[in-house]
Amino acid sequence: MSVIELHEVVKHYRAGEDLVRAVDGVSLTVASGEFVALYGPSGSGKTTLLLLAAGLIAPDAGVVRFDGRDVSALPAKNRALYRRRDVGFVFQSFFLMPGGTALDNAAVKLISDGWSMNDAHRAARPWLERVGLGERMGHRPAQLSMGERQRVAIARALVNEPGVLLTDEPTGNLDSARSRETLGLLRDICHERDIPALLVTHDPQATAFVDRVHTLRDGHLSAGLDADMRVVSG
Amino acid sequence: MKRRLSWQPQLGGLLVGSLFRLYRIRLRDHRMQEVLAGSGIAVGVALVFGVLVANTSLTGSAKQAIAAVNGSAQLQLAARSTDGFSEKLATEASDLPGVEKSAYLLRVNAVIIGPHGQQSIQLVGVTPGLVRLGGSATTDLGAGAAILTGGIGLPSDVGEAIGAETDGSARLLANGDAHRVLVRAVLNNGAIGALANSRVAVALLSNAQALAEQPGRVTQVLIHTRPGAESRVRSELRRLVAGRADVEPANNELTLLDATAKPTNQSTTLFAGISVMVGCLLAFNAMLLTVPERRQLVAELHLQGYDARQLRTMLAFEAIMLGFIASAVGVVLGDIFARTLFQQVPIYLAVAFPISTHQVIHASIVLLAFGCGIFSALVASASPLLDLRRDPVDAVLHEPGEPGQSITRVTALRLGLAGCLLAIGVTIGVAADASLAVVGGIALALAAVCFVPIIFRGLTGALKPISRRWRGSMLSIAVIELDATTTRSVALAGVAALAIYGGVAIGGARADLIHGLDTNFAEYIGTTNLWVTTSGNNLTINSFAAKDTVRQIEQLPIISSVRPYQGQLLDIGTRRMWVIARAPSSSGILPAGQVLEGNPARAAARLRAGGWVAVSNAFATERKLHVGESVSLPTPAGQVRFGVAAITTNIGWPPGTIILNTTDYARDWQTSAPTALEVNLKRGVGLVAGRRAVAQVLASRGGLRVQTAPEREHQFDDNARNGLSSLADISTLLLVTAALALALALSTAIWQRRTRLAALKTQGFDRWQLWRSLLFESAILLSIGCVDGAILGIYGHALANRWLRLTTGFPAPFAVGEVGLIITLGLVAGISLAVIALPGYSAAAVPAQATFQE
């Protein structure tokens, strides 16, 4: 059972002479098996919050905890280990290696943890089958549809059996049908694996797949969908 | 909406203004990539420009220097030795009807010593009458002749080298004696033109005669005839000299220099040809790095409705823009290289000819350099047009790997086959005609590039299963990434292959020449323990008055024998031959190892007996001579017939050599003055002790020096290296530019990868793992390049060696030269890896959040 907590986290950036409060005292807890969606307009700080949760950046104030461990205070090397072993990340742009097959891409994350590629392949196969790409393992990204590429990225995010799943606009490049498939897959995995999952999105369809919705605006978090986001969402 | 109707220039279906706009957008989006590609093109063009300048400057500068002195003179009367002929003969020649103007000159080989060093010079004694011939170097001489009274004028290059200043003093060594002279003027380009960069010093004739102890003697009379009288004057001059001097065109020096420098020029041409090809291919490969992204752009624009003509125009326009700007930078860079590197005047030529370091840059060289850069850019950027024939039009976007990067297996096989055909063609062609070696060397450079794709596919295919078994290894990541970017990887490996090929082929051929000359000199010089010569006496052709010196040396208790040695340069046809005369008692009268035709022992006996000569191969071939036949030589005493005792190599002097004994020489050159003394020590006496004892005897002379045989051999080796310095410079320039091109290309490739590296970091890879991955990639590409380049480079080296031996006549046995090969490989790989390490380390430090800033 894993929990990811962000407690009163603050992150500011300097933009010229202005101070941008990307995340301003946000507290958010995502429990095991919870699939939480985070909406917000562009520039609201959603990506920053995701980076904080992943340990990619350290907060200016507040704490990020994973399973009770203070991730935000870890040195850079340990934060890399945290991402390697505990975090599964899915990007909007997939960032697959064009020279590798679907299997190579799904397995690559384990190389960073000292696995051989052959062993990593063995570990990745079940995940590719789980996301419905059992017959396409040998194909390269250019030979896969957008939806299939995203599923490879999802398999890659899960191959290390992470304790938390962080996804940044995973349906941003997909049509509505593929989006629904992807969201459904993420929800199912989140519930099956009983891991917390945080979804940063603009996709209105996501509200039907998640357990909870929040909106981030001007660095502040609120529950539910804001009125104008509901308009945007449809 | 009303369209504004106004004429705007169009090109290939696009407005010219739009073409500029599109390129500006491209620059904004891919600024760093264009800069790096442009830098690669610039480096290639710099190499092309630099070697072309090196190839032309030597005779070009001599032409300027000779014309600057000769002015309007059409004919000259030239002595057949440095002892010259009497002024009386010169006066008689000048008084011939038909002679409108004339000037006497005395040329003396000497050494000038200043506060900061010494240099070999040619001191030219002149009269104010030279001004009447109107040479650009003499225009100030009339008015300024007074300033030379009692002193000498030095060219500015020599003045700077020895630290001499106007109205300062210096020591002049001539005829075996030392003289203190007043430096009346240090003359720059403004005063004497191209001569300012030569080793030609000037003095009034009377002063030069006094310094050389040649009173009443001159070595040259320049003659300007009345209109229509030239052939008559020539006939009368020949009658006057009666075969004791040469009557020839005033610029005959150039013809002789051409023949003397021909082997060096031919060697330089071979090296320059290979380097030009390598330079073009470096530019091509730099542009190739931008091809994948251009292929994507072509597919996208094609989808949006641009037709083939418009796309061709756009690609050509961008290639020409980049090629032009990069070529301009390359020409400037090449000029800097040429000025920095190619400044040395080969000593062995400076002894015999008035050449300077003045660089001659013809417009054709600039145009050719530009042409290479723009052409290479155009050819490389044309490949995306092949995608226009594909169906569907955006097929390139769906290729395996990064879009636009793919090189199919069929293409790789075809290129490999092309490489094989090139190599086979070269083998057959050169076997049939050795002069095709230049073309062959260039073709092999192309073959080196053709082989890269197939080697790349083979190696990455072999590495895949190995890398997969290796735990925690970043090799598997490296192989995947290389596979994704095949075109870029091939371009990078191609640059490495070219760098190695050029370095090995050219460096190896040069090393063969040096080694051959080293062996040759050991035999020529090793006939005695000690050599007494005038300073700076590189061809041992400067005579000196023996006076009492021989007797004084003979009287030393440690001395076994002292033998005279005599040498000269003798103009025969277009060749300035090196005459070597040794005493009949000399055991090394004929270097046996240099004999190509004839029995060495029998030939040596004939030389000792007299009436026989040994001549070098090229001279013998030209005159269809064989052992046992006879040859007529033009000596100061007139035409003299000798028997041919043996045919030899050219002993390191390109136009050729003539070997005879000192008795014949003294009779026919009408002088017994030696140009060296061969001193043998008694058994058990050390060389250093012997040298010290002889030096004490020579102290009173000032203008003579003693060297041990090893010291003299070392000096000749240095001269040979100096003589081949342009080859060394081209070789160095090629290695430096290639390593630079490789570093630039690898830096480009790493820069292009930053976003993907950030993505890997997001998944947990740390900096060191990513850096290892980049190093693995670079090491794989360098390995491909090194192996490909080394194998073809050795073959190119063998071709170059064969051709050089045939054309130069130098002894140059082929040797693979493992040490040189390893140094070349190490240098290119080492420099490249060192450069990659830094940007690679920096790229690997990209923050993971850069993924989200795409």
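Start by selecting chain B, which has 27 helices and 23 strands (DSSP runs numbered from the N terminus, helices being H or I of at least four residues and strands E of at least two). This is a predicted model, in which local features need pLDDT of at least 70 and side-chain atom pairs count only at pLDDT 80 or more, while totals for chains, interfaces and linings use all residues. Residues are numbered from 1 along each chain as its sequence is written, chains are lettered from A and ligands numbered from 1 in the order in which they are written, and side-chain values use heavy atoms, with hydrogens and water left out.

Stay with chain B and colour by accessibility. Of its 854 residues, 60% count as buried (under 20% relative accessible area; exposed is over 50% and partly exposed lies in between, with a 1.4 Å probe and protein chains only). Switch on the surface: chain B exposes about 32,100 Å², with 59% supplied by carbon and sulfur atoms (Shrake-Rupley method, 1.4 Å probe; for residues, only the protein chains shown count as cover).

**Next stop: the two domains of chain A**

Select 4-86 together with 162-233 for domain 1, then 97-160 for domain 2 (the bounds come from an automatic or database domain assignment). Their C-alpha centres lie 24 Å apart. Where they meet, 18 residues of domain 1 are in contact with 14 of domain 2 (heavy atoms within 4.5 Å). About 1,400 Å² is buried between these domains (accessible area, 1.4 Å probe, that two parts lose on being put together, summed over both). Show Arg84(A), Pro162(A) and Leu185(A) as sticks: together they supply 37% of what domain 1 buries against domain 2, more than any other three residues.

Now look for charges: 2 salt bridges are counted between the domains (a side-chain nitrogen of Lys or Arg within 4 Å of a carboxyl oxygen of Asp or Glu). Zoom in on Asp113(A) and Arg85(A), whose side chains meet in a salt bridge at 3.0 Å, N to O. On the domain 1 side, α2 (76-86) and α6 (176-193) of chain A each supply at least two of the residues touching domain 2, and α6(A) gives the largest share, 9 residues.

Follow α6(A) to Glu192(A), which forms a salt bridge with Arg130(A), the closest N and O atoms being 2.5 Å apart. Arg130(A) sits in helix α4 (residues 117-130), so this pair ties together parts that are 62 residues apart in sequence. Glu192(A) is exposed at 52% relative accessibility, and Arg130(A) is partly exposed at 28%.

**Last stop: where the chains meet**

Show both chains: 34 residues of chain B are in contact with 32 residues of chain A. Together they bury about 2,800 Å², 63% of it on carbon and sulfur atoms. The interface has 4 salt bridges. Select Asp483(B) and Arg140(A) to see one of them, with the closest N and O atoms 3.5 Å apart. On the chain B side, α15 (437-469), α16 (475-484) and α25 (754-762) give two or more residues each, and α16(B) gives the most, with 6 residues.

Which residue of chain B also meets Asp483(B) in a salt bridge? Add Lys464(B), at 2.6 Å, N to O. Lys464(B) lies in α15 and Asp483(B) in α16, so the pair ties together parts that are 19 residues apart in sequence. Lys464(B) is partly exposed, at 24%, whereas Asp483(B) is buried, at 14%.
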